[in-house]
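Here are my notes on the model you sent. They start with the ligand, move to its pocket, and end with some backbone details.

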Amino acid sequence: MSDHHELLRNLEDFLVKAMAEIGNCKSSADIENLRVRFLGKKGVLTSEFLKKLGGLDSEIRPVIGSKTNEVKDKIQEAFSQKLLSMKGEEDRLFEESLWVDITIPGSRREIGFEHLVKKTQKEMEDLFISMGYEVKHGPEIEDVFYAFEALNTPEWHPARDSQDSFYIESGKILLRPHTSPVQIRTMESIKPPLAIVSPGKVYRSDYDATHLPMFHQFEGLLVDRDINVSHLKGTLEYFVSSIFKKEMTIRLRPSFFPFTEPSFEVDLMWEDKYGGYKWLEVLGAGLVDPNVFKAVGYDPEIWSGFAFGVGIERITMLKYGLTDIRDLIRGDLRFIRQ
Ligand code: PHE
């Protein structure tokens, strides 16, 4: 008799507990797990109640049996209800996640612009390409042999002071202070006659309104028979007149570079904004020194040539009327947008 009552109580307890747990389900997966636990083949209902029916007295069995079925039906019904509302909620969330407000304006990508220095560099390249020059590139991390020695600038040479700057390996490897090493690399790899230009980054320990520790140079080298200063001057005149889009006057002022002889600073006659004229120094140049030809195995009795090196930032500043070279690298949008 007490067995009978206990079983009924247990069934009631089980029903209450099951209802509570079903109510707490958070997803249809939760419901499925719970369903297996409660009503599955090895579930609570079977193992705790149905299996015990066989051992009960024949008068009690139908009572407990029908009560058990009632509990089972209630639980099943609760599962179905919960599943239905859960599915509705899940479908709603899913649909919500797919919803797109087509009235929101699209995100726009701002179109950038080419950096002025790169733009000038390309213009210079195109110009020289149109004159039959080839564009060559060299490494920014350079060996002293190419940076100095082969350029007739031995260790003790005072010209090295201003350019001896960022060493990677003391006395051997450095960030190149000029693009002139590309002259050597080119002549080592091809036979004359040749005409090349070489744009690229160079490094020096300078930083002020007119100098950057990293800037761009544009090297030119032409090697042929019977090259003289008038070839150099004519080429440079054509270069500046094309770049500044008007007839320009230049002058060659005697100077010194270890790898050219004679050497020149090249000045440009520049009209300022008040209509006055002044000479502006824009580049270094000269005829290739015979020692440089010897260093690369060219016969200086047969071959002659000119070389020049010009700062691309310098040309860019003149072209666009800039007064502070640092504006080119500050990234100030007001400057960039102008
Ligand atoms: N390399 C020199 C410099 O950086 C410029 C130069 C190049 C001069 C070629 C003469 C010939 O100052």
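1. One term comes first. A residue counts as near a molecule if one of its heavy atoms lies within 4 Å of it. The model is predicted. In this model, 15 residues surround the ligand. The closest are His178, Ser180, Arg204, Gln217 and Gly309.

2. What is the make-up of the shell around the ligand? The residues divide into five nonpolar, eight polar and two charged. Glycine is counted among the polar residues here.

3. Look next at the ligand's nitrogen contacts. A nitrogen atom of the ligand is 3.0 Å from an N or O atom in the side chain of His178. For the side chain of Ser180, the distance from an N or O atom to a nitrogen atom of the ligand is 2.9 Å.

4. Gln217 deals with oxygen. One of its polar side-chain atoms lies 2.9 Å from an oxygen atom of the ligand. How much of the ligand does the protein bury? Taken alone, the ligand exposes 320 Å², and the protein buries 93% of that.

5. Where does the ligand sit? The space it takes is the largest pocket. The elements that give two or more residues to the shell around the ligand are β6, β9 and β10. Of the elements, β10 gives the most to this shell, with three residues.

6. Now the pocket itself. About 900 Å³ of space lies in the largest pocket. It is lined by 37 residues. The closest to its centre are Arg204, Phe215, Gln217, Gly284 and Gly309. Arg204, Gln217 and Gly309 are also among the residues closest to the ligand.

7. Which elements give two or more residues to the lining of the largest pocket? They are β6 (214-224), β7 (250-257), β8 (260-271), β9 (277-288), β10 (304-311) and α10 (312-320). The largest share, six residues, comes from β9. So the shell and the lining are led by separate elements: β10 gives the most to the shell, while β9 has the largest share of the lining.8. The lining of the largest pocket divides into 16 nonpolar, 14 polar and seven charged residues.

9. Some backbone details deserve a look on screen. Most residues other than glycine have a negative phi, and most peptide bonds are trans. The peptide bond from Pro192 to Pro193 is cis, with omega near 0 degrees. Pro193 lies in the loop between α7 (181-189) and β5 (194-203).

10. Another cis peptide bond runs from Glu261 to Pro262, with omega near -5 degrees. Pro262 lies in strand β8. Strand β8 is also one of the elements that give two or more residues to the lining of the largest pocket.

11. Last, check Asn152. Its phi is near 60 degrees, a positive value in a residue other than glycine. Asn152 is found in the loop between α6 (144-147) and β3 (167-169).

Note on methods
Residues are numbered from 1 along each chain as its sequence is written. This is a predicted model: local features need pLDDT of at least 70, side-chain atom pairs count only at pLDDT 80 or more; totals for chains, interfaces and linings use all residues. Side-chain values use heavy atoms; hydrogens and water are left out. On a 1 Å grid over the protein atoms alone, a cavity is a set of points where a 1.4 Å probe fits but cannot get out, and a pocket is an open set with protein on both sides within 12 Å along at least five of seven lines; lining residues have an atom within 4 Å of a point. Grid points are joined across faces, edges and corners, and a volume is the space filled by probe spheres set on the points. Helices (H or I, at least four residues) and strands (E, at least two) are DSSP runs, numbered from the N terminus. A polar contact is a pair of N or O atoms within 3.5 Å; within protein, one must be able to donate a hydrogen and the other to accept it, and residues adjacent in sequence count only if both atoms are side-chain atoms. Accessible areas come from the Shrake-Rupley method with a 1.4 Å probe; for residues, only the protein chains shown count as cover. A molecule sits in a cavity or pocket if more than half of its atoms lie within 2 Å of its grid points.
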